[in-house]
Amino acid sequence: MNAVTATERLPVTGAWREGDPPGRRRWHPARRPLPLEAGGELPGFRLAFETWGRLAPDASNAVLVLHALTGDSHVAGPAGPGHPTPGWWDPLVGPGRALDTDRWFVVAPNVLGGCQGSTGPASARPDGRPWGGAFPFLTQRDQVAAEAGLADALGVARWALVVGGSMGGMRAVEWAVSYPERTGALLLLATTAAASAEQIAWAGVQLRAIRSDPGWQGGDYHDSGRGPATGLGLARRLAHITYRSEPELGTRFGRAPQSAEDPWHGGRYQVDSYLDHHAAKLVRRFDAASYVTLTEAMNAHDVGRGRGGPRAALARVTCPALVAGVDSDRLYPLAQQRELASLIPGADRLRVLESPYGHDGFLIESEQVGSLVRELLD
C-alpha cells in the first residue's frame with residue numbers, strides 16, 4: 001500500500017478534521033475491503049482513533065501507540081462520553097511528558113475487532129445485522145494492515161516511533177517486520193515474537209469460559225438482550241490473576257476476608273472481591289465477542305509464520321529498537337523479551353522494568369517506560 005504525502009491526505013470522514021480538539025475520537029472508514037490472512041476479506045470496516053499534538057508539515061513527527069487486549073484508543077485524558085475509562089497511559093502523553101505533544105503527533109487506534117469504535121463482532125455487516133459469530137478470524141497482520149490504511153489517510157508515510165505492550169507489542173513488532181520502511185523506531189514492552197503454549201493455554205480456558213455461557217448463543221447474542229456476562233467475568237478473573245504477581249497479591253490481600261464476610265460460610269476473601277471488581281468493570285465496558293476475536297488473534301501471533309521463522313522475520317527490522325520486560329511478569333516472562341532483543345538487528349540490550357505488579361507493570365510503571373520513550377525519541 002503506497003503512503004500519501006502530508007499534503008495529499010485522504011479524507012478521514014466521520015469526524016477527523018485539522019484543528020479538532022485533542023483526545024476526541026475520530027473514525028477512518030476503509031476505502032476497500034481488507035484481505036485476510038486466514039482467507040476471505042472484511043468489507044466496509046472502520047477504525048476509531050484519537051490524536052494528540054499536531055502533525056508536522058512533512059509528517060515526520062508521528063508516533064503510533066498500540067493498546068493491549070482490553071485497552072482502546074483513549075491513551076490520555078479523563079473518562080467521559082465515549083470514553084468509559086481514563087487514559088490508560090495518561091502520564092506519558094501531554095506537554096512536557098515523554099510523548100511531548102508540543103513536539104510529537106500521537107496517534108492511537110482502537111484495534112480492528114475491538115469494541116470501542118472500530119469494526120468488530122458487534123458492528124453491522126453489509127446486510128445490517130450484527131456480525132456476531134460470523135465475524136471473520138483476524139490475525140495481528142490483518143490488524144496492522146488496517147492500521148497502515150489509517151496511516152495513509154493521515155498522511156504518515158513513516159512513524160517516528162511505534163510503541164506497544166502485550167498485544168500492542170505484538171502489533172508493533174508486526175509493523176516493524178511488515179513495514180520496515182514505515183517504522184522509524186520501535187519500543188516493545190512485555191511482549192513476544194510468538195504466543196507460547198502456556199499463553200495459548202491460559203487464553204484457551206478464558207475462551208472456554210465465554211463460550212460455555214448459555215448467553216454466548218454461538219456469538220449471535222447482540223440483538224437478543226442477553227449476552228455471556230458470566231463467562232466474560234470468569235475470563236477476566238482468570239486473566240487478571242496472570243496479569244499480576246503472587247507477591248503483590250500476597251502483600252495486598254493475604255488471607256484476609258472481605259469486610260465482614262466469612263469465607264467459611266459463603267463469604268469472600270479480599271482477593272476474591274478484588275477479582276469480582278475487575279470482572280464487573282470489564283463486563284460493563286467490553287464486548288465478549290471482541291474479547292474472543294482479539295484473544296484468538298493473540299493466540300495466532302507468530303512473527304515468523306511464513307517468513308522462515310522468528311530469526312529470519314526479525315532480521316527485516318531496520319530501525320533502532322528497545323525491548324523491555326517486567327521482572328515480575330509470569331505471563332510474558334523475560335526470556336521472551338530477551339529473544340526479541342537478541343534477534344532484532346537494531347535492538348540494544350534487554351531492558352528490565354522493576355515492578356511488583358507483574359505483567360501489568362508496563363501499564364503502571366510510567367516513569368520507567370517514559371525514560372525508554374525519551375531514549376528512543378531524543
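The following passage describes a sheet, a helix lying across it and one buried threonine in a predicted model.

In this predicted model, local features require pLDDT of at least 70 and side-chain atom pairs count only at pLDDT 80 or more, whereas totals for chains, interfaces and linings use all residues. Residues are numbered from 1 along each chain as its sequence is written, and side-chain values use heavy atoms, with hydrogens and water left out.

Eight strands form an open sheet with mixed pairing, in the order β1-β4-β6-β5-β7-β8-β9-β10. Strands (E, at least two residues) and helices (H or I, at least four) are DSSP runs numbered from the N terminus, and two strands pair if DSSP finds at least two bridges between them. The edges are formed by β1 (26–29) and β10 (351–353), each of which pairs on one side only. On average, neighbouring strands of the sheet are turned by 25 degrees against each other, direction ignored. Strands β4 (residues 46–52) and β6 (residues 105–109) run antiparallel and are joined by four bridges; W52 has V106 in β6 as its bridge partner.

Helix α1 (residues 140–154) lies across β1, β4, β5 (62–66) and β6, and runs at about 55 degrees to β4. Axes are lines fitted to C-alpha atoms, for helices over the stretch in contact, and angles run from 0 to 180 degrees between N-to-C directions; contact means heavy atoms within 4.5 Å.

T242 is located in helix α4 (residues 229–243). This residue counts as buried because its relative accessibility is 6%, the cut-off being under 20% relative accessible area (1.4 Å probe, protein chains only), with exposed over 50% and partly exposed in between. The T242 side chain reaches the backbone oxygen of A239 at 2.6 Å. Residues up to four places away in sequence not counted, T242 touches W202, R330, L331 and H359.

Methods: Polar contact = N/O pair within 3.5 Å; in protein donor to acceptor, adjacent residues only side chain to side chain.
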